[in-house]
Amino acid sequence: MGRRLAGVCVLLLASVSACGQRGEEREAGLGAIGTIREGFTVGLLLPREGPERALFTRALTARCPRCRVEYANAAGDRARQGRQIGRMLADGVRVLVLGAVDPGSAAPWVARAKLAGAKVVAYDRLADGPVDAYVSTDPARAGRMQALALLGAMKRPGKGPGPVLLLNGPPGDPYAAAVKRSLHAVLDGRVTIARERDLARPGDAAREVAAALAALGGPAKVAGVCCPGDAAEAVAA
């Protein structure tokens with residue numbers, strides 16, 4: 001995660017610095033956004049609480065000591081994230097790092113940011129709209145690691161080859177689709193998939209698991225649950 005956030009900062013500063021040609025001309029071209037030498041404010045908008053805020057701030061400060069991070073956590077609420085973007089733009093923030101709650105519904109907000117002259121870097125999920133850059137993990141690797149972790153957990157004492165539940169990311173999200181393909185590449189033929197759902201929102205995970213357990217006869221009848229990391233907390237609860 002630390003390397004990925006460092007990558008966000010590299011792309012962010014490269015994107016912002018691309019306004020000009022070189023040296024002083026490049027910094028002068030930043031206009032209302034600011035300069036790397038003088039520093040500027042970066043809006044970090046995440047879908048929910050996590051360790052990214054501290055990691056991102058540390059990585060950005062190492063590359064732009066005078067830059068400041070304005071943070072907002074949407075708590076899984078896309079409408080709330082929209083309001084947060086609007087508030088940051090109204091406050092004059094012109095560099096946004098956006099971890100979209102719902103990539104498909106982010107396009108109007110990304111367009112609004114661009115009309116305001118802001119730079120937008122999509123983080124983790126490729127938000128719809130005219131983003132300037134995108135940084136993410138390798139979804140194929142992520143899916144494979146999740147699948148292998150599930151198989152490893154099923155080998156523990158007391159666990160058998162019984163059916164599993166698969167909860168995937170949002171339908172229509174290219175990243176989630178790639179993770180899903182990688183999961184099936186490892187799991188198909190090795191486990192019985194009793195129930196599988198694509199989650200529009202991470203908060204739907206707990207309800208889907210409860211419904212699946214009720215349909216299958218309770219937790220004792222299920223060998224494991226595999227779900228996106230941002231839904232794991234809801235499932236564990």
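Modeller: A definition first: two strands count as paired if DSSP finds at least two bridges between them. The model discussed here is predicted.

Biologist: In S3, which residue is the bridge partner of Gly43?

Modeller: Strand S1 covers 41-46, and strand S3 covers 95-98. S1 and S3 pair in the parallel sense over three bridges. The partner of Gly43 in S3 is Leu96.

Biologist: In the open sheet of five strands, which strands stand at the edges?

Modeller: The order is S2-S1-S3-S4-S5, with parallel pairing. An edge strand has a single partner, so one of its sides is left without a neighbour in the sheet. The two edge strands are S2 and S5.

Biologist: What does the twist average from one strand to the next in that sheet?

Modeller: The sheet is open, and its five strands pair in parallel. From one strand to the next, the twist averages 20°.

Biologist: How many Å apart in space are Tyr123 and Val135, C-alpha to C-alpha?

Modeller: Tyr123 belongs to strand S4 (residues 119-123). With 4% relative accessibility, Tyr123 counts as buried. Val135 is 12 residues away in sequence. In space, the C-alpha separation is 5.2 Å.

Biologist: Is Asp124 buried or partly exposed?

Modeller: Asp124 sits in the loop between S4 and S5. Its phi is positive, about 75°, although Asp124 is not a glycine. Buried would require under 20% relative accessible area. Asp124 has 25%, so it counts as partly exposed.

Biologist: Which other loop holds a residue other than glycine with a positive phi, Ala75?

Modeller: Most residues other than glycine have a negative phi. Ala75 has a positive value, near 55°. Its loop is the one between S2 and H4.

Biologist: What span should the 13 residues of helix H4 have?

Modeller: H4 runs over residues 78-90. The reckoning uses 1.5 Å a residue, and the end C-alpha atoms agree with the result. The expected span is 18 Å.

Biologist: Which residue caps the N-terminal end of H4?

Modeller: The backbone nitrogen of Ala79 is one half of the cap. A side-chain oxygen lies 2.9 Å from that nitrogen. This oxygen belongs to Asp77.

Biologist: Which helix do the buried residues of H4 pack against?

Modeller: The buried residues of H4 include Gln81, Ile85 and Leu89. They pack against strands S1, S2 and S3. The helix they pack against is H5.

Biologist: With which side chain does the side chain of Asp102 make a polar contact?

Modeller: Asp102 lies in the loop between S3 and H5. Its relative accessibility is 18%, so Asp102 counts as buried. A polar contact needs an N or O pair within 3.5 Å. At 2.6 Å, the partner of Asp102 is the side chain of Arg78.

Biologist: Which residues are buried in H8, and within what arc do they fall?

Modeller: H8 has 12 residues and reaches 16 Å from its first C-alpha to its last, close to the expected 16 Å. Ala205, Glu208, Val209 and Ala212 are buried in H8. Seen down the axis, these buried residues line one face of the helix, because they fall within an arc of 95°.

Biologist: Which exposed residues does the face turned away from the buried side of H8 carry?

Modeller: Exposed here means over 50% relative accessible area. On the face of H8 turned away from its buried side, the exposed residues are Arg207 and Ala214.

Biologist: Which residues does Glu208 touch, not counting residues up to four places away in sequence?

Modeller: Glu208 is part of helix H8 (residues 205-216). At 18% relative accessibility, Glu208 counts as buried. Beyond four places in sequence, Glu208 touches Leu167, Arg195, Arg197 and Leu199.

Biologist: In the open sheet of three strands, which strands stand at the edges?

Modeller: The three strands run in the order S7-S6-S8, with parallel pairing. One side of each edge strand has no neighbour in the sheet, because each has a single partner. The edge strands are S7 (193-198) and S8 (224-226).

Biologist: Which residue in S7 stands opposite Leu165?

Modeller: Strand S6 covers residues 164-168. S6 and S7 run parallel and are joined by five bridges. Opposite Leu165 in S7 stands Arg195.

Methods. Residues numbered from 1 in each chain as written. Predicted model: local features only at pLDDT ≥ 70, side-chain atom pairs only at ≥ 80, totals over all residues. Heavy atoms only, no water. Helix = DSSP H or I, 4+ residues; strand = E, 2+ residues; numbered from the N terminus. Buried < 20%, exposed > 50% of the residue type's maximum accessible area, 1.4 Å probe, protein only. Contact = heavy atoms within 4.5 Å. Expected span 1.5 Å × (residues − 1). Polar contact = N/O pair within 3.5 Å; in protein donor to acceptor, adjacent residues only side chain to side chain. Arc of directions from axis to C-beta. Axes fitted to C-alpha atoms, helices over the stretch in contact; angles between N-to-C directions.
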